[in-house]
Amino acid sequence: MKPVSLPLTQETIEDLRAGEAVALSGELFVARDAAHARLVALLEAGQPLPFPLRGAVVYYMGPTPTPPGAVIGACGPTTASRMDPFAPTLLAHGLAGMIGKGQRSAAVVEALVRHHGVYFYAYGGCGAFYASCVTENRLVAFEDLGPEAIYRLVVRDFPVIVANDCHGGSAFFEPA
Amino acid sequence: MRELDAGLLFEPLRDALLRINVELPEDVVRALTAAADKETGPAAREVLTTIVRNIGIAREKRLPLCQDTGMAWVWLRVGDDVRLTGEPVREVIHRAVEAAYAEGLFRKSVVADPLFPRVNTRTNLPPVLHVEFVPGDRVTVAVMTKGFGSENKSGLRMLLPTATPDDVMSAVVDLVRAAKGAPCPPTVIGVGLGGTMDAAALLSKKALVRELDDTHPQPEYAALERELLARLNALGIGAGGLGGLTTCLGVKLASMPTHIAGMPVAVTVNCWADRKAVVEL
């Protein structure tokens, strides 16, 4: 499995091809539905975001509570398409990558090409498995959202598949 | 008339909820392992082997299989010849759900209202509760912890009364095709046929309580389930939607009488984490 360091550089993104299995190491920001609505509202209001978007990878996820002595609870991906209305705006402002499950809209796939981003597929439902790949976990913003708050994770060898690359390639199967 | 203290349901129900978010039924594990072994699509094979590893890690570390530990769905069947005494049974069920989600460190995923206000109840209450009266003196509680990645892909069609078995199958196939990889395939598909719109929807959930490797008692429906499973797997969506042999692990259908003018068909999509249990007292 090809190792990929986070945050992403333009060179790394250029090299990724749909269908490739890669292992991510470095920093991820966790955000899902309610957090996305707030992030885009902040951008539209010209306000600063709680984390730098440039080169950042966002993980669509809402964990279970952290067991005593552990870094995080179960932490698998959620359905990415729910974040489709927000993703193009974030990509235009520097977001480099997203991690989730399921297909993206045509608008997101197009935005990945235009802004040189990448969408990774994470193994759906495998929350217990992914917990063992997380080495740091810190609350960053929107604590009131509970499991939908923004967290900063540090991951090591976090396995994903390149689902949509910056060249327009897709790993998803299109049923006839 | 048998008398039964409703409070006796608390422990077995809490324990069932604690178990199903961490451990899958053996027949589901067997089906996923078999799917991983025969898969030829490289990405789908990777997905299935990771799912099997995840099942092992969850069991060993007592972690939830998936971070979406679901909304609790409860189907209470009360025998005509049993009288529940003591604490109201609805309150016992609520206590069991709340205790399981707190003790199990499960994610609280329920909001107080869909719109006004959409705030987390922080207890995972309330569950969705269905009550039914049945012959006999037993009390049976079936529970599922229903994840919403798959629930969001569920749906319903009101077909013509003249619809053929083929039309019914096509309606189900259309829904699963449109869902693609989002509901965490390989899925388990519950089909509710007949009744009214709401009854069909409920039947599609009740059907999912059946064991994965059982057979429908009515031969025509058993054949329809088999044929539908073959058609769904022929879609090629595969594990994770990345293309593969196994899109669905099973199809479970339940039916009831309906009106001369209609044919309601409801489909509940369940993810591979087919979390369910039945408690009987």
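**Exercise 1. Determine in which sense strand S2 of chain B pairs with strand S5 and with strand S4 of chain B, and which residues stand opposite B:Arg77.**

Solution. Step one takes strands S2 (residues 71–79) and S5 (residues 139–146) of chain B, which pair in the antiparallel sense over eight bridges; strands are DSSP runs of E with at least two residues, helices are runs of H or I with at least four, and both are numbered from the N terminus, while pairing requires at least two DSSP bridges between two strands. Step two turns to strand S4 (residues 128–134) of chain B, with which S2(B) pairs in the parallel sense over seven bridges. Step three locates B:Arg77, which stands opposite B:Thr140 in S5(B) and opposite B:Glu132 in S4(B).

This is a predicted model, in which local features need pLDDT of at least 70 and side-chain atom pairs count only at pLDDT 80 or more, whereas totals for chains, interfaces and linings use all residues. Residues are numbered from 1 along each chain as its sequence is written, and chains are lettered from A and ligands numbered from 1 in the order in which they are written.

**Exercise 2. Work out how the buried residues of helix H6 of chain B are arranged around its axis, and what covers them.**

Solution. Begin with the buried residues of H6(B), namely B:Met169, B:Ala171, B:Val172, B:Leu175, B:Val176 and B:Ala179, where buried means that 20 or more other C-beta atoms, placed from the backbone, lie within 10 Å of the residue's own, exposed means 12 or fewer, and partly exposed lies in between. Seen down the helix axis, these buried residues fall within an arc of 155°, so they line one face of H6(B); the arc is that of the directions from the axis to the C-beta atoms. On the other side of H6(B), B:Asp166 and B:Ala178 are exposed. The cover over the buried residues includes strands S6 (155–159), S7 (187–195) and S9 (263–270) and helix H8 (219–234) of chain B.

**Exercise 3. Describe how domain 1 of chain B meets domain 2 of chain B.**

Solution. First, the domain assignment, which is automatic or taken from a database, gives domain 1 (2–22 + 65–146) and domain 2 (148–274) of chain B. Next, nine residues of domain 1 are in contact with nine residues of domain 2, contact meaning that C-beta atoms, placed from the backbone, lie within 7 Å. Finally, the largest share of the domain 1 side, three residues, comes from S5(B).

Conventions:
Contact = placed C-beta atoms within 7 Å.
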